[in-house]
Amino acid sequence: MRLLYGLLICTAVALAGIYSFSPRHVQPLDSYTLPVNTMRLNDITKSSAGIVVIGELGHILYSNDGGQQWQQANVDKPRFAMLTEVLFITPDVGVAVGHQGWILRTEDGGKNWQEVHFDAERYDPLLTLSLDNDGTLTAVGAFGMFAQSQDQGHNWSFISAPENTDWHLNALINTGEIGKQLLIGEQGVAFLKEAQGNWSSIDPFYNGSLYGGLNLSDDTFLVYGMRGNAFISDDNGQNWRTIENQIPVSLFAHHVLPSGHILLAGQGGTIFLSSAHGEKLQPIHGGKRWSITGMLPLGSNEFLLATNEGVKRVSLTQALAHITG
């Protein structure tokens, strides 16, 4: 009897082993879908690869079908740090910057990226990029971080910001004149660099943060920032007037229409229209939960928007029906 029990136990163990290691059908996993419609995105632009967006956790995505489908770009050293802005020097050569002084470079339109700088000890972000007419590439950011490259982003020199300022520097605005730039940032800090390369501070005209701006002509600048505040100067930043705006939402992005009219965009999905001379801001889109951080025209007054809740597609055809040119 004991022998029989032993044989039964051995048989059961053997059958259990066979079953454990036997092949079985497994339900296939769902294909991985990039959360491009929910992730935080900070900038959007075009390149030879199509449309490129950047944002949280070091994500760089590109689309070659007008934003219908997206692919994850390859980064040689993933850091999972926030990327803040991307700029293409040519359709193929581009640079992206982000937190911890992270700088990436691509030579194929944004499909593959190589790290050229990262500071593991310092968490301060680079916030924006600018390409001067002489080929100088400049990145600026938090606490006066200031870096320049003379070789299309291969090598960078970190130097002192104008007057050794340690304010956050949010935008560097080029003009049609080589070397002439406007630098703006936190607490209304502003500096103007003339063509000869000397920076000079601009008397304070606003005590809140300025996030962006553009040059409308040689001596005319428009800047914008917190709580819907926007200003224009016709004399190289010496004097500024406030642009009328009744909706106090912060502004983060802009686009100039072929007609010369200006779009400013920001919180609440709000988009404002202004004349080419920076007159009153007229709201033409809004009422959303998300904030616009970048605008890319697709033609026929259609836009792709980078937002803190992914890529959004909007049509401004009806709102801009009266605009020609």
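A residue counts as buried here when its relative accessible area is under 20%. With that cut-off in hand, we can start our tour of this predicted model at one short strand.

**Strand 20 and its partners**

Strand 20 covers residues 230–233, and its side chains point two ways. Ala-230 and Ile-232 point one way, Phe-231 and Ser-233 point the other way, and all of them are buried.

What does strand 20 pair with? Strand 19, residues 220–225, runs antiparallel to strand 20, and four bridges join the two. One pair to look for is Leu-222 and Ile-232, which are bridge partners. Strand 20 also pairs with strand 21 (residues 241–242), again in the antiparallel sense, over two bridges. There the bridge partner of Ile-232 is Arg-241. Ile-232 is thus a handy residue to find on screen: Leu-222 is its bridge partner in the pairing with strand 19, and Arg-241 is its bridge partner in strand 21.

**Turns with a positive phi**

Most residues other than glycine have a negative phi. Some residues here have a positive value instead. The hairpin of strand 19 and strand 20 has four residues between the strands, and among them Arg-227 takes a positive phi near 55°.

Gln-152 also has a positive phi, near 60°. Look for Gln-152 in the loop between strand 12 (146–149) and strand 13 (157–158). Is Gln-152 exposed, partly exposed or buried? Its relative accessible area is 35%, so Gln-152 is partly exposed.

Further along the chain, Ser-300 has a positive phi near 55°. Ser-300 sits in the loop between strand 26 and strand 27 (302–307). Because its relative accessible area is 65%, Ser-300 counts as exposed.

**Asn-42 and its surroundings**

Now turn to strand 1, residues 41–47, where you will find Asn-42. Asn-42 counts as buried because its relative accessibility is 10%. Which polar contacts does its side chain make? One, of 3.3 Å, is with the side chain of Arg-40. The side chain of Asn-42 also reaches the backbone oxygen of Leu-83 at 2.8 Å.

Leaving aside neighbours within four places in sequence, Asn-42 touches residues from several parts of the chain, including Ile-54, Gly-55, Met-82, Thr-84 and Ala-306. Leu-83 and Thr-293 are also in contact with Asn-42.

**Two pockets**

Rolling a probe the size of a water molecule over the atoms shows where empty space is left. The table sets out the two largest pockets.

| Pocket | Volume | Lining residues | Nearest the centre |
|---|---|---|---|
| Largest | About 1,400 Å³ | 41 residues | Asp-43, Glu-85, Thr-128, Phe-252 and Thr-293 |
| Second largest | About 190 Å³ | eleven residues | Leu-34, Val-36, Gln-68, Gln-69 and Trp-70 |

Which elements give two or more residues to the lining of the largest pocket? They are strand 1, strand 6 (83–88), strand 10 (126–131), strand 14 (169–174), strand 18 (210–217), strand 22 (251–256) and strand 26 (292–299). Strand 1 is also the home of Asn-42, and Thr-293, which Asn-42 contacts, is one of the residues nearest the centre of this pocket.

How do the lining residues divide by class? The largest pocket has 18 nonpolar, 19 polar and four charged residues in its lining. For the second largest pocket, the lining holds five nonpolar, five polar and one charged.

Technical notes
Residues are numbered from 1 along each chain as its sequence is written. This is a predicted model: local features need pLDDT of at least 70, side-chain atom pairs count only at pLDDT 80 or more; totals for chains, interfaces and linings use all residues. Side-chain values use heavy atoms; hydrogens and water are left out. Buried means under 20% relative accessible area, exposed over 50%, partly exposed in between (1.4 Å probe, protein chains only). A polar contact is a pair of N or O atoms within 3.5 Å; within protein, one must be able to donate a hydrogen and the other to accept it, and residues adjacent in sequence count only if both atoms are side-chain atoms. Contact means heavy atoms within 4.5 Å. On a 1 Å grid over the protein atoms alone, a cavity is a set of points where a 1.4 Å probe fits but cannot get out, and a pocket is an open set with protein on both sides within 12 Å along at least five of seven lines; lining residues have an atom within 4 Å of a point. Grid points are joined across faces, edges and corners, and a volume is the space filled by probe spheres set on the points. Ala, Val, Leu, Ile, Met, Phe, Trp, Tyr, Cys and Pro count as nonpolar, Asp, Glu, Lys and Arg as charged, and the others, Gly among them, as polar. Two strands pair if DSSP finds at least two bridges between them.
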